[in-house]
Amino acid sequence: MNSRKSSWIGITAAALLAFGSYAAFAQPGGGAMRHGHGQGIEIEGVLAHLKDQLGLDTSQQVMWDNAVAQSKAARGNGRASREQLRATLGAELAKAEPDFAAVATAADATQANNQALRRQVRDEWLKLYATFSPAQKAVVRDAVKARLARMDSFRERMREHGQSRKQGAG
């Protein structure tokens, strides 16, 4: 009985580990900031909110359109690879003895591929940013500063809220 319980604990732990890897990978990005991922500002999100204020010239608009198209294609590829990874996980879970190492390997490969796509997209947006005039760059800088200030304010309010809850419970 004890070995049976140990086996189930091992299987459950492996399943949670494999699913945890899948779930962590499958989290959508999005927005101009990524919280908790150590990736900071996503330049395309910042620029998208500022497009009307930037007054792009013709060549910048062409670069913008190309960057948007590449972003959409990368997002589509990311969704497809997440669906494929989910299918891999489902196929393994349907087996009597799932191979979670295979799921982890597939998740790692998918993550590496999507990271490479993400870098390509980011680089396209940074190429566009490099063409900006000092005035356009100032618009972007000011928007980023404002976002960071809002994020700091939000974190401070959450920390105060957490501290007040601890004091109220204690």
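A contact means heavy atoms within 4.5 Å. In this predicted model, residues 24 or more positions apart account for 69% of the contacts in the protein chain with a separation of 6 or more.

## Overall make-up

The protein chain holds five helices and zero strands. Read from the N terminus on, its elements run α-α-α-α-α. Of the 170 residues in the protein chain, buried residues make up 24%.

## Confidence

The mean pLDDT of the protein chain is 81, and 75% of its residues reach 70 or more. Confidence is lowest in helix H1 (residues 2-26), where the mean is 53. At the other end of the range, helix H3 (residues 58-93) has the highest mean, 94. The pLDDT is below 50 over residues 21-39, a stretch that has 29 contacts in the model beyond near neighbours in sequence.

## How the helices pack

Two pairings are described here, and both involve helix H4 (residues 100-130).

The first is with helix H2 (residues 43-54), whose axis comes within 9 Å of the axis of H4 and crosses it at roughly 45 degrees. Angles under 35 degrees count as roughly parallel and those of 65 to 115 as roughly perpendicular, so H2 is oblique to H4. The crossing of H2 and H4 is left-handed. On the H2 side, the residues that meet H4 are Ile 43, Glu 44 and Leu 47. Their partners in H4 are Arg 118, Val 121, Arg 122, Trp 125, Leu 126 and Leu 128. Sorted by class, the contact of H2 with H4 has six nonpolar, no polar and three charged residues.

The second pairing is between H3 and H4, which pack with their axes 9 Å apart and at an angle of about 175 degrees. Because angles over 145 degrees count as roughly antiparallel, H3 is roughly antiparallel to H4. The contact of H3 with H4 divides into 16 nonpolar, 10 polar and three charged residues.

## Residues far apart in sequence

Several residues can be followed one by one, starting with their pairings across the sequence. The distances in the table run from C-alpha to C-alpha.

| Residue | Partner | Separation in sequence | Distance in space |
|---|---|---|---|
| Arg 141 | Val 46 | 95 residues | 9.7 Å |
| Val 139 | Leu 54 | 85 residues | 7.2 Å |
| Asn 66 | Glu 124 | 58 residues | 8.1 Å |
| Asn 114 | Ser 81 | 33 residues | 8.2 Å |

Arg 141 is found in helix H5 (residues 134-169). Its relative accessibility is 43%, and a residue counts as exposed over 50% and as buried under 20%. Arg 141 therefore counts as partly exposed.

Val 139 is also in helix H5. With a relative accessible area of 23%, Val 139 is partly exposed. Leaving aside residues up to four places away in sequence, Val 139 touches Leu 50, Gln 53 and Leu 54. Leu 54 is thus listed both as a contact of Val 139 and as its partner in the table.

Asn 66 has its place in helix H3. The relative accessibility of Asn 66 is 46%, so this residue counts as partly exposed. Its partner in the table is Glu 124, 58 residues away in sequence.

Asn 114 lies in helix H4. At 14% relative accessibility, which is under the 20% limit, Asn 114 counts as buried. Its C-alpha atom is 8.2 Å from that of Ser 81.

How values were computed: Residues numbered from 1 in each chain as written. Predicted model: local features only at pLDDT ≥ 70, side-chain atom pairs only at ≥ 80, totals over all residues. Heavy atoms only, no water. pLDDT = per-residue confidence, 0-100. Helix = DSSP H or I, 4+ residues; strand = E, 2+ residues; numbered from the N terminus. Axes fitted to C-alpha atoms, helices over the stretch in contact; angles between N-to-C directions. Left-handed = near helix turned anticlockwise from the far one by under 90°. Nonpolar A, V, L, I, M, F, W, Y, C, P; charged D, E, K, R; others polar. Buried < 20%, exposed > 50% of the residue type's maximum accessible area, 1.4 Å probe, protein only.
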